[in-house]
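Colleague: Could you take me on a close look at one part of this protein? I am new to reading structures, so please go slowly.

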Amino acid sequence: MRALTIDVQEANGRVLCCTIFRPGGKKLLAKGHLISEEDVRLLETEGMRKVWVTQLDEGEVGEDDAVAQVGSLIGCGSLEIRLAAGGRANLIATENTSILVDDELLKQINCTASVVIATAQNFSFARTGDRVATVKSSPFAVTQQQLDAVLSILNERGPILQARPIRDPAVAVLYTDPCSGDRARQLFESVMRQRLDQFGLSCRFSLACVEDEATVTKALGHLLRAKPTAILVASTTAPAGPDDVIGRAMMDCGCHLERFLAPVEPGNLLLLGYKDDVPVVSAPGCFRSAKRNVVDLVLPPMLARYRVSGWEIACLGHGGLLG
């Protein structure tokens with residue numbers, strides 16, 4: 001890429017090499033702007049006779065074209081691409097989604113010399129219209145060779161980011177306490193309402209019961225028959241492990257216990273199981289406060305009907321210190 005100074009009358013179709021300001025300091029045209037015939041007339045009106053522009057060399061691709069090509073391959077799901085000023089392409093959520101990110105592929109692409117990509121955090125919740133990723137090129141142009149290398153990796157390994165839609169999720173809640181289920185409901189219901197409200201949801205099904213194995217098993221069975229998207233168990237007691245009451249009741253219902261203990265604070269004592277495709281989450285103590293905890297991390301992908309694995313829970317340790 002070369003920079004050169006030319007007459008304003010010859011600038012149509014060229015790319016500005018630097019931002020142009022009016023005498024009072026207000027921006028007139030931004031760096032990287034593609035000059036149109038209308039812009040030429042505007043510059044002449046402002047008294048400009050020369051402009052500094054760029055010229056692509058053979059084997060180079062303009063920044064807007066480069067980020068558009070990369071942007072079309074980095075994401076899938078409920079997304080749209082919008083070009084922005086300065087060689088950027090933004091990925092925008094077109095409905096409420098959970099964002100899933102291939103972190104290793106993202107790192108590999110960001111080690112190239114031509115483009116960089118920033119994404120929302122893995123498992124995060126995005127509302128309709130939220131920006132969930134940005135692709136930025138090196139200024140003005142990238143070499144075709146570098147762009148082809150990036151596109152080849154993406155074509156071979158698939159998208160970096162998935163915007164998995166959250167459509168009509170049904171959350172069930174089971175409140176348990178050794179003495180009275182209603183006590184647990186009174187302690188936790190208000191906070192549960194706040195937690196679900198951040199996702200635009202309300203509890204679809206709820207039960208409260210005494211925390212003994214047979215009673216919890218029966219209550220979980222009732223909720224599972226309603227076929228919810230996820231079941232949250234709000235218990236007043238902290239388990240010592242999956243062999244405690246909640247874990248045994250989950251197994252009695254036919255749940256596969258996926259993971260006990262999460263490298264997240266608050267929320268270390270997470271217990272995650274699955275009955276078929278329905279996740280059952282016990283996170284004692286996490287429903288006493290609206291403060292961000294492990295439930296806020298794992299709930300968005302579950303609402304999007306994504307099966308969170310024990311390995312993915314283990315990977316939450318980097319950034320898992322929430323407060």
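Colleague: I would like to know about the second largest pocket: how many residues line it, and which of them lie nearest its centre?

Modeller: Happy to help! Please keep in mind that this is a predicted model. The second largest pocket is lined by 13 residues. If you want to find the middle of the pocket on your screen, look for V15, L34, L56, G62 and F140, which lie nearest its centre. Two elements each give two or more residues to this lining: the strand β5, residues 50-55, and the helix α2, residues 63-74. Of the elements, α2 gives the most, with three residues. The space in this pocket comes to about 210 Å³. Sorted by class, its lining has four nonpolar, five polar and four charged residues.

It helps to set this beside the largest pocket, which has a volume of about 640 Å³. There, 20 residues form the lining, and V101, D103, N122, C315 and H318 are the closest to the centre. The elements that give two or more residues to that lining are β10 (97-101), α3 (103-110) and α9 (310-314). Here α3 provides the largest share, four residues. By class, the lining of the largest pocket has 10 nonpolar, five polar and five charged residues.

As for how such places are found, rolling a probe the size of a water molecule over the atoms shows where empty space is left. To return to your pocket, try starting from G62 and F140, two of the residues nearest its centre, and then follow α2 along 63-74.

Terms used:
Residues numbered from 1 in each chain as written. Predicted model: local features only at pLDDT ≥ 70, side-chain atom pairs only at ≥ 80, totals over all residues. Heavy atoms only, no water. 1 Å grid on protein atoms, 1.4 Å probe; cavity = no way out; pocket = protein on both sides within 12 Å on 5 of 7 lines; lining within 4 Å. Points joined across faces, edges and corners; volume = space filled by probe spheres on them. Nonpolar A, V, L, I, M, F, W, Y, C, P; charged D, E, K, R; others polar.
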